[in-house]
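This report describes aromatic pairing, helix geometry and surface character in one protein model. The sequence and structure are shown first.

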Amino acid sequence: MSLRTLFIPNTLRGKFASVENFLYLGAVYLTIILGFGMIYILFNLIGMPLLREVNHPHHNIFESSFYFSAMTLFSVGNGDVLPQGLGRMVAVIEALIGYTLPAAFVARVVLNSEK
């Protein structure tokens, strides 16, 4: 089974996954990554850094913020960027969103297929 057949609606098995659903999910993930990345950057700009890099303490904050946001959302977490202080709570909220987003997406697809 190729990826193409997975995302093209089939009349026999119903429309469980489509390109539109895949693009919608990608857009939601990208929006969350950018939003939380901006939160980490804004706190750093006001003098309350939420992230600390282990190997490169003076690395690019923009790159580190978006990298950490993506790693937290996808629950990978390599340990090279660590949250500190209030950043731990922000990271927990982002991780919870990352855990529930796939379930919400599957529920949406299933409910849409029942209609």
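## Helices and aromatic pairs

Glu63 is located in helix H3. The model is a predicted one. With a relative accessible area of 48%, Glu63 is partly exposed. Its C-alpha atom is separated by 9.7 Å from that of Ile41, although the two residues are 22 residues apart along the chain. Ile41 is itself among the buried residues of H2.

Helix H3 has 13 residues, which should span 18 Å at 1.5 Å a residue; the end C-alpha atoms of H3 are 18 Å apart, in agreement with that expectation. At the N-terminal end, H3 is capped by Asn60, which places a side-chain oxygen 3.0 Å from the backbone nitrogen of Phe62. After H3 comes Ser75, with a positive phi near 55 degrees. The buried residues of H3 are Ser64, Ser65, Phe68, Ser69, Ala70, Met71, Thr72 and Leu73.

Helix H2 can be described in the same terms. For its 27 residues, a rise of 1.5 Å a residue gives an expected span of 39 Å, and the end C-alpha atoms of H2 are 38 Å apart, which agrees. The residue Gly47, which follows H2, has a positive phi near 95 degrees. Buried positions in H2 include Asn21, Leu25, Ile32, Ile33, Phe36 and Gly37, together with the tyrosines Tyr29 and Tyr40.

How many aromatic pairs does the structure hold? There are 2 aromatic pairs. In one of them, the ring centres of Tyr29 and Phe74 are 5.1 Å apart and the planes meet at 45 degrees, so the pair is tilted. Tyr29 belongs to helix H2 (residues 19–45), whereas Phe74 sits in the loop between helix H3 (61–73) and strand E2 (81–83); the pair therefore ties together parts that are 45 residues apart in sequence. Tyr29 is buried, its relative accessible area being 14%, while Phe74 is partly exposed at 40%.

The rings of Tyr40 and Phe68 have centres 5.4 Å apart and planes at 75 degrees, so this pair is edge-to-face; the cut-off for that class is an angle over 60 degrees. Because Tyr40 lies in helix H2 and Phe68 in helix H3, the pair ties together parts that are 28 residues apart in sequence. Tyr40 counts as buried, at 1% relative accessibility, and Phe68 is likewise buried, with a relative accessible area of 7%.

The accessibility of the four ring residues is collected below.

| Residue | Relative accessible area | Class |
|---|---|---|
| Tyr29 | 14% | buried |
| Phe74 | 40% | partly exposed |
| Tyr40 | 1% | buried |
| Phe68 | 7% | buried |

Helix H4 adds two further features. Val109 is placed in this helix and counts as buried, at 9% relative accessibility. In sequence, Val109 and Ser18 are 91 residues apart, yet their C-alpha atoms are 9.5 Å apart in space. Met89 also has its place in helix H4, which covers residues 86–114.

Which residues form a nonpolar patch on the surface? Met89 does so with Ile46, Met48 and Leu86, and together these residues have about 410 Å² of accessible area.

Note on methods: Residues numbered from 1 in each chain as written. Predicted model: local features only at pLDDT ≥ 70, side-chain atom pairs only at ≥ 80, totals over all residues. Heavy atoms only, no water. Phe/Tyr/Trp six-rings, centres within 6.5 Å; stacked < 30°, edge-to-face > 60°. Helix = DSSP H or I, 4+ residues; strand = E, 2+ residues; numbered from the N terminus. Buried < 20%, exposed > 50% of the residue type's maximum accessible area, 1.4 Å probe, protein only. Patch = residues over 30% accessible without salt bridge, like charges linked within 9 Å, V, L, I, M, F, W, Y side chains within 5 Å. Areas by Shrake-Rupley, 256 points an atom, 1.4 Å probe, with all protein chains shown as cover. Salt bridge = Lys/Arg side-chain N within 4 Å of Asp/Glu carboxyl O. Expected span 1.5 Å × (residues − 1). Polar contact = N/O pair within 3.5 Å; in protein donor to acceptor, adjacent residues only side chain to side chain.
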